[in-house]
Amino acid sequence: MKRFISLLCVICTLMLLCSCAVAQPHGTPDKTPEPTIAPNPMVEADAASLSAMGLPLSAPSGATHVARRIIEGNIAELAFSLNGSNYVYRASNELYNISGKEGEIKKKATFSLNLDSVDYSLTIDVFAVRSGGMLAIWSFPPASFTLYCTADTDPDGFGSLASYLADTFHYNTHEGGTSALGNVSPADFIELFGIYIDAPAGASDIGYRIYDDSMALVDFTYEERIYELRAQKYPGVPAVSVDFEQSETIDVQSNWFIGDMTLKYTQDKDGAMIWGTEGVNYCLYVKNGVDPDKLPALALQLAIEIHRREIAANEDE
């Protein structure tokens with residue numbers, strides 16, 4: 001009996017030890033495999049990388065903390081700071097909704113800017129973002145663009161910046177009848193067409209272009225507004241194709257300029273001053289935030305300077 005009880009105890013002990021053993025399946029490693037890390041959809045880039053995508057985004061003059069990135073291989077991003085505000089500028093040749101803020105804006109734009117250049121027309125829609133800031137959306141097919149300001153900002157200034165970036169992108173990539181920015185100068189206008197035009201004193205972001213071998217153009221920013229000054233010898237009329245809501249003729253009597261100037265504009269949007277003298281027609285077009293009082297004053301300032309230069313040139317001859 002004692003032997004039986006002893007044998008039973010040994011059997012129970014062996015069964016207990018077997019139940020506590022941990023079996024390892026054949027071929028299974030002892031260590032737990034490390035989790036797979038998904039690749040980062042946003043990678044740092046340089047200007048050449050964005051240009052290779054066909055999206056040479058450039059920051060405005062005065063920008064700081066400039067950073068370029070590529071998101072998921074098909075979105076170019078340029079982040080920068082300007083005048084105390086932070087901006088995110090994006091573009092894509094494949095996608096439209098690229099700002100990441102589409103769910104935070106209303107369907108109807110807060111306001112729109114209609115840009116009309118000699119070789120393109122463009123509408124920029126500006127939205128207020130519910131979580132704060134402003135968003136601008138526009139396109140140069142097949143590319144789509146957005147500009148996002150991370151905080152609430154002045155709508156006119158924001159519209160001016162979006163217009164400037166759109167303009168700069170177009171002329172950096174355009175290969176049609178328009179010369180690239182910086183390829184010509186006022187001296188070329190005089191030599192080729194006998195026309196003098198230039199930006200006013202105090203202007204910035206100045207660029208000179210020739211369109212269709214007959215029109216001289218000066219792009220510039222002045223008092224936070226973006227302008228395009230055009231000049232073409234008669235019978236050419238370097239006007240704009242925008243349908244303005246208001247139009248009036250201003251009779252100018254000045255020591256340096258006598259004649260009529262036509263003011264056309266849409267309140268709080270865009271406008272143009274058109275005049276002619278000595279066989280040359282002129283058009284000063286403001287692309288954003290027209291001021292019906294300041295636009296004629298600037299046009300007259302430019303007309304007087306043009307007339308002074310013409311007199312000086314005749315005296316030199």
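## Exercises around strand β8

In β8, L147 is the bridge partner of Y89. The model you are looking at is predicted, so let's work through it together, starting from this strand.

**Exercise 1. Find which residue of β8 has A136 as its bridge partner, and work out how β8 pairs with β4 and β7.**

Step 1. Begin with the pair you have just met: Y89 and L147 of β8 are bridge partners. Strand β4 covers residues 85-92 and pairs with β8 in the antiparallel sense, over six bridges.

Step 2. Now look for A136: its bridge partner in β8 is L147. Strand β7, residues 134-140, runs antiparallel to β8, and seven bridges join the two.

Step 3. Follow the chain from β7 to β8. Two residues lie between these strands, and together the strands form a hairpin.

A reminder for this exercise: backbone hydrogen bonds are what pair the strands of a sheet, in a parallel or an antiparallel way.

**Exercise 2. Decide how many residues of β8 are buried, and sort them by the way they point.**

Step 1. Take the cut-off: a residue is buried when its relative accessible area is under 20%.

Step 2. Apply it to β8, residues 143-149. Seven of its seven residues are buried, so the strand is mostly covered.

Step 3. Sort by direction. A143, F145, L147 and C149 point one way, while S144, T146 and Y148 point the other way. Both groups are buried.

**Exercise 3. Place β8 in its sheet: what is the order of the strands?**

Step 1. Write down the order, β1-β2-β3-β4-β8-β7-β6-β5. This is an open sheet of eight strands with antiparallel pairing.

Step 2. Mark the edges. They are β1 (42-45) and β5 (111-116), each of which pairs on one side only. From one strand to the next, the twist averages 20°.

Step 3. Check one more neighbouring pair. Strand β3 (residues 75-82) and β4 run antiparallel and are joined by seven bridges. Here L82 stands opposite S85 in β4.

**Exercise 4. Which strands does helix α3 lie across?**

Step 1. Locate α3 at residues 155-173.

Step 2. List the strands: α3 lies across β3, β4, β5, β6 (121-128), β7 and β8.

Step 3. Add the angle: the helix runs at about 25° to β7.

**Exercise 5. Step back: how many helices and strands does the chain have, and what percentage of its residues is buried?**

Step 1. Count the elements: five helices and 15 strands.

Step 2. Turn to burial: of the 317 residues in the chain, 45% are buried.

Conventions:
Residues numbered from 1 in each chain as written. Predicted model: local features only at pLDDT ≥ 70, side-chain atom pairs only at ≥ 80, totals over all residues. Heavy atoms only, no water. Buried < 20%, exposed > 50% of the residue type's maximum accessible area, 1.4 Å probe, protein only. Helix = DSSP H or I, 4+ residues; strand = E, 2+ residues; numbered from the N terminus. Pairing = 2+ DSSP bridges. Axes fitted to C-alpha atoms, helices over the stretch in contact; angles between N-to-C directions. Contact = heavy atoms within 4.5 Å.
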